[in-house]
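Colleague: Could you take a close look at one charged pair in this model for me, and then walk me outward from there into the surroundings?

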Amino acid sequence: MGLVFLNHYAPVASVPALLLFRQIGWVGVDVFFVLSGFLITGILLDAKAERYYRNFYIRRSLRIFPLYFATITVVLAWMLIANDGEDYTSLIGTWGSPLWLYAFLGNVKTAVSGVAPPFVFVPLWSLHVEEQFYLIFPFVVRRLRRETLFKTLVVLVIAAPVIRCLLWSYDRTNPWLQYMLLPSRMDGLALGALIALRMRMGAWHVPKRALGAAGLLLLAASCAWFIAGGRIFSSPLERTLGYSLFSLAFAALVLWIVQFRGSWQTNWLNAAPLQFIGKISYGMYLLQVPTAILFAKLTRSLNLPRTVDETALGALSLYALCVVLASLSFYLFERPILRLKDTLAPTDGQRRPLALFAGQRRRFT
């Protein structure tokens with residue numbers, strides 16, 4: 001979440017040192033994909049056969065749907081009311097129907113058309129990829145033997161950059177084809193899934209020092225590849241192989257944390273502030289742009305300089321406001337709904353997935 005926030009709101013005008021972080025902050029979604037593949041696969045592999053699909057989809061729906069649908073509905077209502085509906089008319093005319101958003105297909109609409117929606121809806125594309133993954137992957141895990149599933153995941157890791165290269169050859173002017181479509185980004189999800197699966201297939205000795213060194217080398221290579229491509233997510237280098245390099249680096253990081261869990265190297269991830277941020281991270285992700293719009297309106301009403309958004313103090317204030325609103329959302333709206341999980345879809349006897357990063361257990365289970 002921190003990388004995504006820096007990508008959108010890093011105050012580079014007053015803190016130029018943050019420029020690279022703003023340019024490369026989009027890789028936060030790659031961390032998200034790898035981690036999601038790991039956690040969701042673990043949940044599916046550990047689930048009991050009885051009510052396998054029912055429990056999974058009910059629990060995912062209770063976690064994802066309420067705040068998502070509430071957020072886009074409120075934003076669309078505001079667009080209809082403000083400025084005599086000009087913003088809503090512009091959405092329809094330049095991008096398309098909001099029904100794409102309600103169907104979790106906004107990423108497909110954007111990728112195929114090559115036109116992005118208003119920025120308030122742009123961050124939702126990764127959640128759309130995630131929901132499409134949720135729709136398909138439980139059937140794959142349920143139907144395939146573990147050895148076959150392992151081979152299938154390896155094929156998916158290899159296929160993703162091949163698909164991106166083919167799409168780049170087909171249309172070099174539309175970066176959304178490689179950036180937003182599930183087939184183009186399935187390598188990160190598959191890598192996370194591979195780690196979860198291999199952990200459940202018997203003894204697995206991974207040399208910790210070699211793993212750490214490999215992870216650092218992969219991360220350095222990913223950054224070098226990104227810089228060589230001009231520091232933009234849409235460069236030919238990034239759209240073809242770059243996304244896979246970052247996914248491999250973050251997969252190595254996840255595996256490293258798994259190997260060192262419970263040690264002093266990873267205990268800091270259990271710090272209360274990080275746990276709290278993790279707990280409200282879904283709300284922060286959905287509310288980040290609406291919060292930025294609200295923050296801009298507040299600063300204008302207080303007659304503050306328009307450049308306040310670009311200062312370090314302004315960015316910290318925006319982050320704090322986002323934390324406050326996401327906290328209110330979690331405690332007043334999300335948590336009461338989440339309590340229905342154990343009533344409607346109990347999972348007694350199911351092992352809990354590993355909580356690799358702060359709060360992720362709460363977010364994904």
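Modeller: Arg200 and Asp46 are both buried, and in this predicted model their side chains meet in a salt bridge, with 2.9 Å from N to O. The two partners come from distant parts of the chain, 154 residues apart: Asp46 belongs to helix H3, while Arg200 is in the loop between helix H11 (182-199) and helix H12 (208-228). Asp46 counts as buried because its relative accessibility is 12%, and the cut-off for that word is under 20%. The contact also appears among the polar ones, where the side chain of Asp46 is paired with the side chain of Arg200 at 2.9 Å. As general background, side chains of opposite charge can pair when their charged atoms come close.

This bridge is one of six in the structure, and two others make useful companions to it. Asp187 and Arg164 meet through their side chains in a salt bridge of 3.2 Å, N to O. That pair, too, links distant parts of the chain, with Asp187 in helix H11 and Arg164 in helix H9, 23 residues apart. Asp187 counts as buried because its relative accessible area is 2%, and Arg164 counts as buried because its value is 0%. The other companion is the salt bridge between the side chains of Arg145 and Glu147, at 3.3 Å from N to O. Here the surroundings are of another kind: Arg145 is exposed, with a relative accessible area of 55%, and Glu147 is partly exposed at 40%.

Helix H3 brings us from charges to the nonpolar interior. Asp46 lies in that helix, and the largest nonpolar core has 77 residues, with Tyr68, Phe121, Phe137, Leu153 and Tyr179 having the most contacts inside it. Helix H3 (residues 28-46) gives this core its largest share, 12 residues. A separate core of seven residues lies apart from it, and includes Ile280, Val323, Ala326 and Leu338.

Two residues of the main core deserve a closer look. Tyr68 is in helix H4, which covers residues 52-81, and Tyr68 counts as buried because its relative accessibility is 0%. Beyond the neighbours within four places in sequence, Tyr68 is in contact with Leu101, Tyr102, Phe104, Leu124, Leu127, His128, Tyr282 and Leu286. A longer span in sequence can be followed from Tyr68 as well: Thr291 is 223 residues away along the chain, and the C-alpha atoms of the two are separated by 15 Å. For Leu153, with neighbours within four places again left aside, the contacts are Phe137, Ala190, Ala193, Leu194 and Leu197.

Helix H9 also takes us out to the surface. Arg164, the buried partner of Asp187, is in helix H9, and so is Val162, in a helix that runs over residues 146-170. Val162 counts as partly exposed because its relative accessibility is 44%. Together with Val154, Ile158 and Leu166, Val162 makes a nonpolar surface patch of about 350 Å².

The loops hold a couple of backbone details to check while you have the model open. In general, most residues other than glycine have a negative phi. Asp84, although not a glycine, has a positive phi of about 55 degrees. Asp84 sits in the loop between H4 and helix H5 (86-94) and is exposed, with a relative accessible area of 76%. Arg231 has a positive phi as well, near 60 degrees, and is likewise not a glycine. Its place is the loop between H12 and helix H13 (236-259), where Arg231 is partly exposed at 32% relative accessible area.

For a sense of span, try Leu99 and Leu219. Their C-alpha atoms are separated by 38 Å, with their positions 120 residues apart along the chain. Leu99 is in helix H6, residues 99-102, and is exposed, with a relative accessible area of 60%.

To return to where you asked me to look: the Arg200 and Asp46 pair is buried, and the pair connects helix H3 with the loop between helix H11 and helix H12.

Note on methods:
Residues numbered from 1 in each chain as written. Predicted model: local features only at pLDDT ≥ 70, side-chain atom pairs only at ≥ 80, totals over all residues. Heavy atoms only, no water. Patch = residues over 30% accessible without salt bridge, like charges linked within 9 Å, V, L, I, M, F, W, Y side chains within 5 Å. Areas by Shrake-Rupley, 256 points an atom, 1.4 Å probe, with all protein chains shown as cover. Salt bridge = Lys/Arg side-chain N within 4 Å of Asp/Glu carboxyl O. Helix = DSSP H or I, 4+ residues; strand = E, 2+ residues; numbered from the N terminus. Buried < 20%, exposed > 50% of the residue type's maximum accessible area, 1.4 Å probe, protein only. Core = buried A, V, L, I, M, F, W, Y, C linked by side-chain atoms within 4.5 Å. Contact = heavy atoms within 4.5 Å. Polar contact = N/O pair within 3.5 Å; in protein donor to acceptor, adjacent residues only side chain to side chain.
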